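This report describes a single protein chain. Please view the sequence and the structure together before reading on.

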Amino acid sequence: MPAACSPEEFASLAASLRSEDAARTLCDKLAFAATERRQLDGHAEVGSSLDITFVLFSAYLVFFMQAGFAMLCAGSVRTKNTMNILIKNVLDACVGAVAYYLFGWGVAYGTCKETNSFIGCGNFGLDDFTDWYSFLFQWAFSAAAATIVSGSVAERCAFEAYLGYSFFLTAFVYPTVAHWIWDGKGWLSAFNEDPMLDTGMLDFAGSGVVHMVGGFAGLMGAAIVGPRSGRFDVDGTPRELKGHSATLVVLGTFILWVGWYGFNPGSMLAINGATNAIVVGRAAVGTTLGAAGGGLSALVINYTRAKVWDLTGVCNGLLAGLVSVTAGCPVLEPWACLLGGIIGACVFNAASALLLKLRIDDPLEAAPMHGFCGAWGVFLVGLLAKKEYVMETYGRDSSTPYGAFYGGGGEVLACQITGIIVIIAWTCSLLGGFFYVLKAMNHLRVPYEEEMIGIDVSHHGGSAYNDSEAEKAMSKPNNA
């Protein structure tokens with residue numbers, strides 16, 4: 001007897017159809033349909049599991065970027081401040097995890113009864129929540145945004161001030177921008193049911209949401225805390241205060257480059273299905289070409305300017321190229337990603353020169369790299385987003401606006417410019433106010449004597465290197 005029908009059901013069908021053969025045929029068809037349904041359910045479950053695994057693996061890569069930031073920062077500061085910059089990087093992850101758990105997710109993606117296009121309004125403390133893998137992925141992004149600032153205020157920012165900033169940024173400043181641009185209810189979001197100008201802002205992986213927020217927060221911190229002692233002469237001429245390890249800088253750069261393959265391709269949030277896989281692959285290729293273009297461009301720029309093959313300059317240019325294609329890697333053609341990286345390195349060098357003219361000391365040049373190159377990356381999408389790629393990446397139909405240089409009208413470009421303006425205004429006003437209040441309370445900067453001896457010794461119990469020249473000098477008897 002066919003497995004799809006019980007004896008009672010078979011008898012009832014045979015009686016109704018007045019034929020056991022007809023009843024058996026019908027039961028066979030029902031059995032076949034049930035088998036197909038189970039197979040389809042199994043395929044859907046496998047596809048969902050594949051997507052979740054892809055997002056989690058991408059989250060692990062993005063979080064591993066913290067190691068890259070740590071190495072890059074450590075190599076770019078002087079020996080006497082190594083432990084200080086490292087503990088700040090470690091605590092960015094710790095403080096950011098608590099802040100994003102308590103408030104950040106709710107502000108960015110929390111849901112409530114009434115639609116709110118400005119800010120999320122539910123799931124605080126992950127209340128009534130089950131989307132665990134998405135939380136991990138988004139927290140890793142928020143931690144990256146916070147860590148950017150550590151380089152801008154390195155070697156003179158007070159430890160407690162940095163912890164306060166890190167919590168404020170990951171709990172409120174960054175999540176609000178993420179809600180505007182990435183949440184389906186955000187007023188500037190490309191995922192909104194009724195997006196601005198029928199497109200919304202196209203920021204695939206966060207040139208604006210992550211890098212501009214971190215970069216311009218760092219700019220405010222560097223400007224308000226003031227330059228390191230000895231960075232500028234009395235007439236404003238900059239004096240070079242070199243970092244102590246090119247080895248750590250290169251190691252950090254390579255770790256960040258690898259992590260970017262989780263940052264950019266992982267932002268598709270799915271890999272199951274032909275279209276998703278194509279977009280993920282294209283994002284990875286665009287990421288690679290952006291980095292390569294930035295590194296080579298920086299090599300030429302620095303050789304033209306100083307007649308040296310500058311290793312640190314190449315690393316900075318490479319990272320600037322990565323930031324420049326983060327918004328558009330899946331919607332730009334490969335040549336456009338390469339061009340974006342090349343111009344990104346130019347933007348980085350120009351912005352770094354501008355900050356020196358303004359006597360703003362950014363030891364890792366994080367504001368030019370993440371803030372200015374992030375803005376360039378957002379703008380580039382408005383010019384060169386390809387129609388077919390936008391349709392694939394964002395699930396749009398053929399009526400979607402696209403890059404202005406392809407004849408797609410100015411809608412995307414207008415949304416990109418709007419995003420640049422509001423991100424700068426929001427970040428600079430909130431973090432500028434935050435840093436200014438700390439400065440007024442005399443809690444922003446370490447005292448001059450502690451800065452001179454080194455924050456490692458004055459705050460963290462000794463040098464990061466037990467055989468450092470500074471420690472040897474301190475251990476010598478005073479013969480004076």
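The sections below treat the overall make-up, the helix packing and selected loop residues.

## Basis and overall make-up

The model is predicted, with local features requiring pLDDT of at least 70 and side-chain atom pairs counted only at pLDDT 80 or more, while totals for chains, interfaces and linings use all residues. Residues are numbered from 1 along each chain as its sequence is written, and side-chain values use heavy atoms, leaving out hydrogens and water.

The protein has 16 helices and zero strands; these are DSSP runs (H or I of at least four residues for helices, E of at least two for strands), numbered from the N terminus. Taken along the principal axes, the C-alpha atoms fill a box of roughly 115 × 50 × 40 Å. Of the 480 residues, 52% count as buried, where buried means under 20% relative accessible area, exposed means over 50%, and partly exposed lies in between (1.4 Å probe, protein chains only). Among contacts between residues at least 6 apart in sequence, 74% join residues at least 24 apart; a contact means heavy atoms within 4.5 Å.

## Packing around helix 4

Two packed helices are described by the angle between their axes and the distance between the axes. Here the axes are lines fitted to C-alpha atoms, for helices over the stretch in contact, and angles run from 0 to 180 degrees between N-to-C directions. Angles under 35 degrees count as roughly parallel, over 145 as roughly antiparallel, 65 to 115 as roughly perpendicular, and the rest as oblique.

Helix 4 (residues 132–152) and helix 5 (residues 159–182) have axes that come within 9 Å and cross at roughly 125°; the two are therefore oblique to each other. On the helix 4 side this contact is made by Gln-138, Phe-141, Ser-142, Ala-145, Ala-146, Thr-147, Val-149 and Ser-150, and on the helix 5 side by Tyr-162, Tyr-165, Ser-166, Leu-169, Thr-170, Tyr-174 and Trp-182.

Helix 4 also packs with helix 6 (residues 207–225), at an angle of about 30° and with the axes 8 Å apart; this pair is therefore roughly parallel. Phe-141, Ala-144, Ala-145, Ile-148, Val-149 and Ser-152 of helix 4 meet a set of helix 6 residues that includes Val-210, His-211, Gly-214 and Gly-215.

## Helices 9 and 13

The expected span of a helix is 1.5 Å times one less than its number of residues. For the 15 residues of helix 9 (residues 311–325) this gives 21 Å, and the end C-alpha atoms are 22 Å apart, which agrees. Helix 9 is mostly covered, with 12 of its 15 residues buried; among them are Cys-315, Asn-316, Leu-318, Leu-319 and Val-323. At its start, a side-chain oxygen of Asp-310 reaches to within 3.1 Å of the backbone nitrogen of Thr-312.

Helix 13 (residues 411–440) has 30 residues and reaches 43 Å from its first C-alpha to its last, close to the 44 Å expected. Just after helix 13, Asn-442 takes a positive phi of about 60°.

## Buried loop residues with contacts

Asn-81 is placed in the loop between helix 2 (20–76) and helix 3 and counts as buried at 1% relative accessibility. Leaving aside neighbours within four places in sequence, Asn-81 is in contact with Glu-155, Gly-454, Ile-455 and Asp-456. The side chains of Asn-81 and Glu-155 are joined by a polar contact of 2.7 Å. Such a contact is a pair of N or O atoms within 3.5 Å; within protein, one must be able to donate a hydrogen and the other to accept it, and residues adjacent in sequence count only if both atoms are side-chain atoms. A polar atom of the Asn-81 side chain also lies 2.9 Å from the backbone nitrogen of Ile-455.

Leu-332 lies in the loop between helix 9 and helix 10 (334–357), and it too counts as buried, at 1% relative accessibility. Outside its neighbours within four places in sequence, Leu-332 is in contact with Cys-337, Leu-380, Val-381, Leu-384, Ala-385 and Tyr-389.

## Loop residues with positive phi

Leu-126, in the loop between helix 3 (82–109) and helix 4, has a phi near 55°, a positive value in a residue other than glycine. Leu-126 is buried, with a relative accessible area of 14%.

Leu-269 lies in the loop between helix 7 (246–263) and helix 8 (274–306), and its phi is near 65°. Leu-269 is partly exposed, with a relative accessible area of 41%.
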